[in-house]
Amino acid sequence: MDLKLGVYEHFKGKKYRVICVAKHSESLEDMVVYEPLYENKTSKLWVRPLGMFLGEVEIDGKRVPRFRYVDEK
């Protein structure tokens, strides 16, 4: 599955730039590589399984995307 590169907003409100989709070295699972667009002392880059990145969460009884595409920059 192709994932559009660019800026995504997490359901909690912070923004992240998706850099690429990579493969997990053991399972070959697709992993999204992304960077926070805010100061984050824990790590500059993060990875999350593609299925989880594209998944939904429940907020106040409503299903919403975990990450929502907002911009190509």
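Strand β3, residues 30-36, pairs with β4 in the antiparallel sense, and four bridges link the two. Within this pairing, V33 stands opposite V47 of β4. Keep in mind as you look around that this is a predicted model.

Now step back to the sheet that holds this pair. It is an open sheet of five strands, and its order reads β4-β3-β2-β1-β7, with antiparallel pairing. The edges belong to β4 (46-49) and β7 (67-71); each has a single partner strand, so one side of each is left without a neighbour in the sheet. From one strand to the next, the twist averages 45 degrees.

How many helices and strands does the chain have? There are one helix and seven strands. Starting at the N terminus, you will meet them as β-β-β-β-α-β-β-β. The chain's radius of gyration is 12 Å, close to the 11 Å from the globule rule for 73 residues, so the chain is as compact as a globular protein of that length.

Here are some values for the chain as a whole.

| Property of the chain | Value |
|---|---|
| Box filled by the C-alpha atoms, along the principal axes | roughly 35 × 25 × 25 Å |
| Buried residues | 29% of the 73 residues |
| Exposed area | about 5,300 Å² |
| Share of the exposed area from carbon and sulfur atoms | 51% |

One more value concerns contacts along the sequence. Taking the contacts between residues at least 6 apart in sequence, 32% join residues at least 24 apart.

How values were computed:
Residues are numbered from 1 along each chain as its sequence is written. This is a predicted model: local features need pLDDT of at least 70, side-chain atom pairs count only at pLDDT 80 or more; totals for chains, interfaces and linings use all residues. Side-chain values use heavy atoms; hydrogens and water are left out. Two strands pair if DSSP finds at least two bridges between them. Axes are lines fitted to C-alpha atoms, for helices over the stretch in contact, and angles run from 0 to 180 degrees between N-to-C directions. The radius of gyration is taken over C-alpha atoms; the globule rule is 2.2 Å times the number of residues to the power 0.38. Buried means under 20% relative accessible area, exposed over 50%, partly exposed in between (1.4 Å probe, protein chains only). Contact means heavy atoms within 4.5 Å. Accessible areas come from the Shrake-Rupley method with a 1.4 Å probe; for residues, only the protein chains shown count as cover.
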